[in-house]
Amino acid sequence: MGPTCWPDAGLHSITFAEVGDRADQLAAALARLGVAEGDRVGTFMWNNHRHMEAYLAIPSMGAVLHTLNIRLFPEQLAYVVNHAADKVIIIDASLVPLLARVYDQLESVEHVIVCREPGDASSIEGLGDTLDYEELLAAERPGYSHRSTWLHSMAVTSSQALQVNEAERILLLVPQFHANAWGMPYAAWWVGCDLVMPQQYLQAAPVQPKASARAT
């Protein structure tokens with residue numbers, strides 16, 4: 001993806017694939033901590049690959065990414081965290097002193113996750129019991145995504161394939177228990193195409209259009 005500058009360790013490079021896997025792990029770790037759809041997760045971080053991982057993981061799990069301005073006055077910082085009702089804050093270790101000044105004023109924060117750089121000996125005092133970012137990720141497995149479903153839906157809706165679009169109507173005869181009905185439910189939902197779903201009535205007679213319907 002590009003380098004992240006770590007002063008004590010030079011430049012650290014990480015690939016897009018690695019960031020994607022780590023975003024999966026972060027989402028799983030946050031879910032394990034109780035973060036659910038609609039919950040706010042604050043980030044109090046510099047520009048680095050971990051912040052990028054949060055950018056990907058938090059919205060993808062249905063939570064709200066709440067980026068906190070590290071240059072706010074203490075009273076402003078406490079206000080925005082409380083107003084958003086942040087449930088978790090992810091923070092770079094070098095910024096801990098700034099958040100520690102208002103930690104006892106934060107009303108909704110249940111967990112603080114600290115990101116440490118290699119060789120970073122920054123104090124993390126003043127934030128109660130904190131969690132380590134890398135330890136949380138190491139406990140989770142990466143690799144789950146909806147990529148294949150998305151690609152299949154995109155192909156089906158292409159003008160070079162079935163050209164499913166909002167003006168069409170699909171009679172869904174392929175069983176939904178078989179290969180996800182060839183992905184047609186996802187594709188139709190994506191573009192707003194009507195679905196006609198015949199329940200158990202799959203014989204020829206029930207699915208044939210009536211004469212009056214054909215006439216119209």
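# Salt bridges, cores and a surface patch

Mentor: Arg 22, Arg 50, Glu 53 and Glu 134 are linked in a network of salt bridges. The model is predicted: local features need pLDDT of at least 70, side-chain atom pairs count only at pLDDT 80 or more, and totals for chains, interfaces and linings use all residues. Residues are numbered from 1 along each chain as its sequence is written, and side-chain values use heavy atoms, leaving out hydrogens and water.

Trainee: How many salt bridges are there by this rule?

Mentor: The rule asks for a side-chain nitrogen of Lys or Arg within 4 Å of a carboxyl oxygen of Asp or Glu. By it, the number of salt bridges is six.

Trainee: Which residue forms a salt bridge with Arg 22 at 2.6 Å?

Mentor: The pair links distant parts of the chain, 31 residues apart, from helix H1 to helix H2. Helices (H or I, at least four residues) and strands (E, at least two) are DSSP runs, numbered from the N terminus. With the closest N and O atoms 2.6 Å apart, the partner of Arg 22 is Glu 53.

Trainee: Why does Glu 53 count as buried?

Mentor: Buried means under 20% relative accessible area, exposed over 50%, and partly exposed in between (1.4 Å probe, protein chains only). Arg 22 is buried, with a value of 14%. Glu 53 counts as buried because its relative accessibility is 0%.

Trainee: How far apart are the closest N and O atoms of Arg 22 and Glu 134?

Mentor: Arg 22 also forms a salt bridge with Glu 134. This pair runs from helix H1 to helix H5, 112 residues apart along the chain. Glu 134 is partly exposed, at 30% relative accessibility. The closest N and O atoms of Arg 22 and Glu 134 are separated by 2.7 Å.

Trainee: Which residue in helix H2 pairs with Glu 134?

Mentor: A salt bridge to Glu 134 spans 3.0 Å, N to O. One partner lies in helix H2 and the other in helix H5, so the pair ties together parts that are 84 residues apart in sequence. The residue in H2 is buried, at 4% relative accessibility, and its name is Arg 50.

Trainee: Which element gives the largest share of the largest nonpolar core?

Mentor: A nonpolar core is a set of buried Ala, Val, Leu, Ile, Met, Phe, Trp, Tyr and Cys residues joined through side-chain atoms within 4.5 Å. The largest one has 21 residues, with Leu 26, Leu 30 and Ile 58 among those that have the most contacts inside it. Helix H1 (16–32), helix H2 (49–60), strand S5 (86–92), strand S6 (111–115) and helix H5 (133–138) each give two or more residues. The largest share, five residues, comes from H1.

Trainee: How many residues are in the other core?

Mentor: In soluble globular proteins, nonpolar side chains tend to be buried together. Leu 30 is in contact (heavy atoms within 4.5 Å) with Val 35, Ile 58, Met 61, Val 88 and Ile 113, leaving aside neighbours within four places in sequence. Apart from the largest core lies another, which includes Ile 70, Val 102, Val 114 and Leu 127, and its number of residues is 18.

Trainee: What is the accessible area of the nonpolar patch on the surface?

Mentor: Patches are made of residues with over 30% relative accessible area and no salt bridge, with like charges joined within 9 Å and nonpolar side chains (Val, Leu, Ile, Met, Phe, Trp, Tyr) within 5 Å. Areas come from the Shrake-Rupley method with a 1.4 Å probe; for residues, only the protein chains shown count as cover. Helix H6 (residues 147–156) gives the most to the patch, with three residues. Together, Trp 150, Leu 151, Met 154 and Trp 190 have an accessible area of about 400 Å².

Trainee: Why do the rings of Trp 150 and Trp 190 count as tilted?

Mentor: Rings of Phe, Tyr and Trp (its six-membered ring) pair if their centres lie within 6.5 Å; planes under 30 degrees apart count as stacked, over 60 as edge-to-face and the rest as tilted. The structure holds one aromatic pair. Its ring centres are 6.4 Å apart, and the pair is tilted because the planes of Trp 150 and Trp 190 stand at 40°.

Trainee: Is Ser 153 buried or exposed?

Mentor: Ser 153 lies in helix H6. Leaving aside neighbours within four places in sequence, Ser 153 is in contact with Gly 183, Tyr 186, Ala 187 and Trp 190. With a relative accessible area of 4%, Ser 153 is buried.
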